Amino acid sequence: MSTVKLTVNGKAVAVDVEDRTLLVQLLRDHLNLTGTHVGCDTSQCGACVVHVDGRAVKSCTMLAGQADGASVTTIEGIAKGDELHPMQAAFRDNHGLQCGYCTPGMIMSAIDIVHRHGGELDEPTVRHELEGNICRCTGYHNIVKAVLDAAGRMKVSQAAE
Amino acid sequence: MYQTTYHRPSSVDEAVALFGKSSEAKFLAGGQTLLPVMKQRLAAPSDVIDLGKIKELQGVELSGDVLTIKAGTTYFDIMQNADVKKAIPAIAYLTSVLGDPAVRYRGTIGGSIANNDPAADYPAALLALGATVKTNKRSISAEDFFQGLFTTALEDGEIITAVSFPVPAKAGYEKMRHPASRFALTAVFVAQTKSGEIRVAATGASQSGVMRVGAIEAALKANWSPSALDNVSIPASGLLADIHGTAEYRANLVKVMAQRAVAAAG
């Protein structure tokens with residue numbers, strides 16, 4: 001057992017976990033942040049993507065101990081109160097989800113994509129960049145639309161800040 | 001995953017000392033292979049020694065005609081690095097088609113070559129460019145380092161600290177990418193050194209892991225152009241065969257990927 005200290009969605013936490021605990025297990029089983037999903041559990045589907053020190057990574061392929069001292073953001077941590085994050089709002093407005101299982105990972109990856117590419121996003125780039133996130137319902141079409149829509153909204157909200 | 005004990009040393013010396021005190025330890029780099037293997041219970045190290053927070057293993061240096069990438073540098077940091085893009089853009093490209101964005105944030109060059117998957121990307125770059133693997137004990141040429149499927153010259157407790165690449169005159173990499181795993185179905189790295197030597201390495205092809213391709217090197221030495229390979233025939237014997245492609249299919253891919261890599265190298 002070890003005590004892992006990290007910041008999750010802006011809040012400092014210390015959690016006693018077995019050394020074999022994965023980051024996704026710490027989030028879901030110990031902190032009850034069940035918005036982060038486990039899909040394939042083999043690093044392929046991206047349902048478990050969270051931000052660790054600002055980088056979108058697969059939390060099923062990282063030990064909790066590796067996140068000691070890190071700042072982690074999950075799907076629960078991106079809205080401002082009742083106001084959805086622009087990426088969440090764009091997924092809703094563009095019908096970017098059906099069953100919703102992949103959505104938390106899609107949104108966390110998509111925010112990272114927009115941060116990395118800023119205003120340079122086009123459809124082929126979004127499709128290419130989403131290759132680590134698998135959706136079995138939508139055929140991706142509305143997800144891609146949502147990401148492009150959100151890229152515009154995030155640019156506007158960044159400019160306003 | 002079986003029980004294990006996690007350690008996070010802050011120096012190479014500390015990591016080596018921890019290894020010596022453990023019964024069956026494994027070094028953890030980015031964890032993009034070791035952790036999935038542990039989750040499948042195909043590996044059960046008593047101790048996991050995380051190299052991720054060792055500062056001396058991070059970074060890229062360009063000094064004259066040598067590009068040195070420290071072993072713990074992530075794929076993302078390699079593909080974004082200005083010196084890598086300037087000195088050997090083929091390495092930046094190779095890195096950009098490796099895994100997916102989330103994997104590239106975690107995986108490292110040292111972890112990739114220590115694992116030596118027969119379809120991994122970096123071994124082809126190291127072998128074609130005539131790179132040198134630096135460890136905490138010695139320097140090993142790429143030829144001597146890669147010793148077959150998942151096998152390297154590394155000894156127990158030896159840690160890769162960096163890879164040094166001589167900057168080539170020209171280099172290119174092209175890959176037939178497996179759409180699900182993103183590993184190379186077959187990929188080829190071609191290089192023309194500054195002294196005029198032609199070196200070609202294929203990954204995802206041989207049953208013995210990454211290999212030089214002599215027939216292609218000879219044809220490119222006579223004429224550095226994609227069409228020089230039109231009549232080259234690669235034997236299928238000894239090549240990988242699975243549900244994704246026969247040995248004959250991969251033999252042809254070696255030629256086609258080499259042609260595309262030469263075109264990309266210019």
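What follows is a short walk through the structure shown above, from chain A to chain B.

This is a predicted model, in which local features need pLDDT of at least 70 and side-chain atom pairs count only at pLDDT 80 or more, while totals for chains, interfaces and linings use all residues. Residues are numbered from 1 along each chain as its sequence is written, and chains are lettered from A and ligands numbered from 1 in the order in which they are written.

Let us start with chain A. Chain A has five helices and five strands; helices (H or I, at least four residues) and strands (E, at least two) are DSSP runs, numbered from the N terminus. Reading from the N terminus, you will meet the elements of chain A in the order β-β-α-β-β-β-α-α-α-α. Along its principal axes, the C-alpha trace of chain A spans about 45 × 35 × 25 Å. The radius of gyration of chain A is 16 Å, which agrees with the value near 15 Å for a compact globule of 161 residues. That radius is taken over C-alpha atoms, and the globule rule is 2.2 Å times the number of residues to the power 0.38.

How much of chain A is buried? Of its 161 residues, 45% count as buried. Here a residue is buried if 20 or more other C-beta atoms lie within 10 Å of its own, exposed if 12 or fewer, and partly exposed in between, with C-beta atoms placed from the backbone. Among contacts in chain A between residues at least 6 apart in sequence, 60% join residues at least 24 apart. Two residues are in contact if their C-beta atoms, placed from the backbone, lie within 7 Å.

Now look at the beginning of chain A. Strand β1 (residues 2-8) and strand β2 (residues 11-17) of chain A run antiparallel and are joined by seven bridges; two strands pair if DSSP finds at least two bridges between them. Lys5(A), for example, has Ala14(A) in β2(A) as its bridge partner. The two strands form a hairpin with two residues between them. One residue to find in the turn is Asn9(A), which has a positive phi of about 50 degrees although it is not a glycine. Most residues other than glycine have a negative phi. Asn9(A) is partly exposed, because 18 other C-beta atoms lie within 10 Å.

Where do the two chains meet? In all, 23 residues of chain A are in contact with 20 residues of chain B. On the side of chain A that touches chain B, strand β4 (residues 55-58) of chain A gives the most, with four residues. By class, this side of chain A has five nonpolar, ten polar and eight charged residues. Ala, Val, Leu, Ile, Met, Phe, Trp, Tyr, Cys and Pro count as nonpolar, Asp, Glu, Lys and Arg as charged, and the others, Gly among them, as polar.

Moving on to chain B, four strands form an open antiparallel sheet in the order β9-β10-β11-β12. Its edge strands are β9 (170-177) and β12 (211-212) of chain B, each pairing on one side only. Eight bridges join β9(B) to β10(B), and one of the partnerships links Met176(B) to Thr186(B) in β10(B).

Next comes the largest nonpolar core, a set of buried Ala, Val, Leu, Ile, Met, Phe, Trp, Tyr and Cys residues joined through C-beta atoms within 7 Å. Of the 131 residues in this core, Val188(B), Phe189(B), Val190(B) and Ala258(B) touch the most other members. The largest share, eight residues, comes from α11(B). Leaving aside neighbours within four places in sequence, the contacts of Val188(B) include Ala124(B), Val200(B), Val254(B) and Ala258(B).

Helix α10(B) shows two faces. Its buried residues are Ile216(B), Ala219(B) and Leu220(B). These cover an arc of only 95 degrees around the axis, so they sit on the same side of α10(B); the arc is that of the directions from the helix axis to the C-beta atoms. On the other side of α10(B), Gly214(B) and Ala222(B) are exposed. Among the elements covering the buried residues are β10 (184-192), β11 (198-203) and α11 of chain B.

Finally, compare two loop residues of chain B. Leu240(B), between α10 (214-222) and α11 (247-265), is buried because 20 other C-beta atoms lie within 10 Å. Arg41(B), between α2 (34-39) and β3 (47-50), is exposed, with 9 other C-beta atoms within 10 Å.
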